[in-house]
Amino acid sequence: NTLQKLSKKTSSLNCKDFRELVRVNFFLGELLKQIKHTVGADRALIVLYHNGEHSIGGYSFTKMSCIHECISHKITSSGTQLRPIQKDFTNIPISAFSTITKKLFTEGNFTISDMTDLKKHDLSTFEEFRRHNVKSARFYPLTDSSGHIFGFTCFEFKKKISFVVDENGED
């Protein structure tokens, strides 16, 4: 009887937290969908940095995972539809996206107008975006209230794009 009472109390707390988590996730998904539509992107992602595993020496590996994805249902010129990538975009070492990680931490918002530019100095990132059938992408760091970057949003385009920024660096 005591175990049942404790179980009910614990599950109601977890259920309440889970409901809030679902609500927040739904809100983020809807917001991402609206922004994707506004900027005209073919795919929008929210990616968070997290601690991966540890080496035998105890060093932490920093990884990243896509927690939200919103894709266009438009048919490509080759007659195919974009495929979801979220389930395959988990626990990726940040070193696999070294150019993007470096630019997020040094420049903040940035655009890669032509993904083939990456081929010369970051083949890993180039190949990943090539698999997505992406020609251009726009990135925005996600920061906490202290300004620490904990992830990023990415808007992918099947065509080459450029963004116009104002004198404050805002688009």
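A nonpolar core is a set of buried Ala, Val, Leu, Ile, Met, Phe, Trp, Tyr and Cys residues joined through side-chain atoms within 4.5 Å. With that in mind, let's look at this predicted model.

**The cores**

The largest nonpolar core has 23 residues, and the members that touch the most others are Met64, Phe89, Phe97, Ile100, Phe129, Phe139 and Phe152. Several elements supply at least two residues each to this core, among them strand 2 (60–71), helix 2 (98–106), helix 3 (123–131) and strand 6 (149–157). Strand 1 gives the most, with three residues. Another core lies apart from it, with nine residues that include Ala44, Cys70, Tyr140 and Ile161. In soluble globular proteins, nonpolar side chains tend to be buried together.

Which residues is phenylalanine 129 in contact with, leaving aside its neighbours within four places in sequence? They are Phe97, Ile100, Met115, Val134, Phe139, Cys154 and Glu156.

**The cysteines**

The model has zero disulfides. Cysteine 154 is in no disulfide, because the nearest cysteine sulfur, that of cysteine 66, is 9.2 Å away, whereas a disulfide needs the two sulfur atoms within 2.5 Å. Cysteine 154 is buried, at 1% relative accessible area, and cysteine 70 is buried too, at 9%.

**Two asparagines with positive phi**

Here are two residues that have a positive phi although neither is a glycine.

| Residue | Phi | Loop between | Relative accessible area |
|---|---|---|---|
| Asparagine 91 | near 55° | strand 2 and strand 3 (92–93) | 45%, partly exposed |
| Asparagine 133 | about 65° | helix 3 and strand 5 | 32%, partly exposed |

How values were computed: Residues numbered from 1 in each chain as written. Predicted model: local features only at pLDDT ≥ 70, side-chain atom pairs only at ≥ 80, totals over all residues. Heavy atoms only, no water. Buried < 20%, exposed > 50% of the residue type's maximum accessible area, 1.4 Å probe, protein only. Helix = DSSP H or I, 4+ residues; strand = E, 2+ residues; numbered from the N terminus. Contact = heavy atoms within 4.5 Å.
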